[in-house]
Amino acid sequence: MDAFHYKNKELFCEDVAVREIAEKIKTPVFIYSETYLKQQFLDFSKTFPEKHIVCFAIKANNNLSILKLFSNLGSGADIVSGGELYISKKANIPSSKIVFAGIGKEDWEIEYALDKEILMFNVESLSELNKISKIACSKKKKARIAVRVNPEIDPKTHPYISTGLKKNKFGVSYDEALNIYQHAKNLSCIDVAGIHFHIGSQLTDLSPLRESSEKIAQLVLKLKEKDINIRYIDVGGGLGITYKDEKIPPLNEYKKAIVSAFSPLKDEIVWVFEPGRFLAGNSAILVVKILYKKENGAKKFLITNGGMNDLIRPALYNAYHEILPVITKKRNKEKVDVVGPICESCDFLAQERFIEDVEEGEYLAVFSCGAYGFSMSSNYNARLKACEVLVNGKNWRIIRRRESLEDLTAYETD
Ligand code: LLP
């Protein structure tokens, strides 16, 4: 389904006119479709009748209402910090469905995760493994772990969001993995439970995933020969979405690319998936208001009240987000840069984009903002973080209030 559609030239989220929300609670505002989020989760989950856990990658979006919605559908969480563990627990995500990745886990985070009895730590180095073992022993606990193995395969995505290449900082190298597993097996406070790999994000081509799965399956079989029996295969996240015209492989193809390689092991394993963008990316728009129109030499600018502090993806990755007026009027298109109010030249939402010739005061919708949108936003230039709204049918509610001026200094001491 599409979360957004035009009715009589006016943009709607489900059955609510976007303009109505923008007028009532001002902009910038992220507007999410509950029905779309649910549908994405259910579509993803039902693709895998095999035993599996979907652990939503909460770095993509950690709004409590959205996490609760996923949690009610049976979701777990892929976390990368103690902060994300705290939020997951507040959203009632069961510990038995929480996996903890990240190359820089601090002692307190490891302790916290052990206390909460999460499903497993996705271990990213030998030193980290030893640290987890030591802390688990000191608590007289056994820590379940998976080793994050770097399949060393090019995921063919943006270099900033590739993680499975030899030069990337993530995971342990493929050649080293066997030794690390053997070492782990001999640690009395470690339970070797799984294997983890994640090669990158916004994947649109399945072949790197297929190759990685084959390499990892070979490793799992080698481990079996050494009497190390893997129970959880955690394949990470990474499935892409359409921002512009990318063709996304259907879920059953995605499944085949991963699952086929593991068929000799199929009765013994539980799958863990960590989708982020696929579940939430196209669930939301960011609505901004055009403050000024301006021409500078050869360029035309639409200056909006939303910028890189609200949505950093264009500035950081030169990412494309579709931008359309909330009310369309079939006007001529103009080539413009859509920019924010931040004092940085990279503060743009789109560059050299053909957009209907809109007026000052109109609203623009920036699409595909449900993942890595609000969660990457900041207070740069002392701007207030945006409001978030969840729509369900004809109803909508604020799920995060707009920040206030007082919030800006709330953590400081004189
Ligand atoms: N699992 C692990 C271990 C990850 O590192 C990530 C994302 C995911 C799962 C979820 O990946 P997804 O299904 O969302 O592709 N800020 C960037 C994306 C960074 C992704 C980092 N890791 C962006 O806005 O494109």
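In the predicted model, a polar side-chain atom of Ser201 is placed 2.3 Å from an oxygen atom of the ligand. Tyr372 also approaches the ligand through its side chain, where an N or O atom lies 2.6 Å from a ligand oxygen atom. Gly276 contributes through its backbone instead: a polar backbone atom of this residue is 2.9 Å from an oxygen atom of the ligand. The ligand taken alone exposes 590 Å², and the protein buries 92% of that area.

The surroundings of the ligand comprise 19 residues, of which Ser201, Glu274, Arg313, Tyr317 and Tyr372 come nearest. By character, this shell divides into six nonpolar, seven polar and six charged residues. Both domains take part in the shell, since domain 1 and domain 2 each supply at least three of its residues.

The domains themselves are defined along the chain as follows: domain 1 covers 4-32 + 281-409, and domain 2 covers 34-280. Domain 1 is thus assigned in two segments of the chain. The C-alpha centres of the two domains are separated by 32 Å.

At the interface between the domains, 25 residues of domain 1 are in contact with 23 residues of domain 2. Together the two domains bury about 2100 Å², and 52% of this area lies on carbon and sulfur atoms. Polar contacts link 14 residue pairs between domain 1 and domain 2, counting pairs with both residues at pLDDT 80 or more. The number of salt bridges between the two domains, by contrast, is zero.

Notes: Residues numbered from 1 in each chain as written. Predicted model: local features only at pLDDT ≥ 70, side-chain atom pairs only at ≥ 80, totals over all residues. Heavy atoms only, no water. Near = heavy atom within 4 Å. Polar contact = N/O pair within 3.5 Å; in protein donor to acceptor, adjacent residues only side chain to side chain. Areas by Shrake-Rupley, 256 points an atom, 1.4 Å probe, with all protein chains shown as cover. Nonpolar A, V, L, I, M, F, W, Y, C, P; charged D, E, K, R; others polar. Domains from an automatic or database assignment. Contact = heavy atoms within 4.5 Å. Buried area = accessible area lost by both parts, 1.4 Å probe. Salt bridge = Lys/Arg side-chain N within 4 Å of Asp/Glu carboxyl O.
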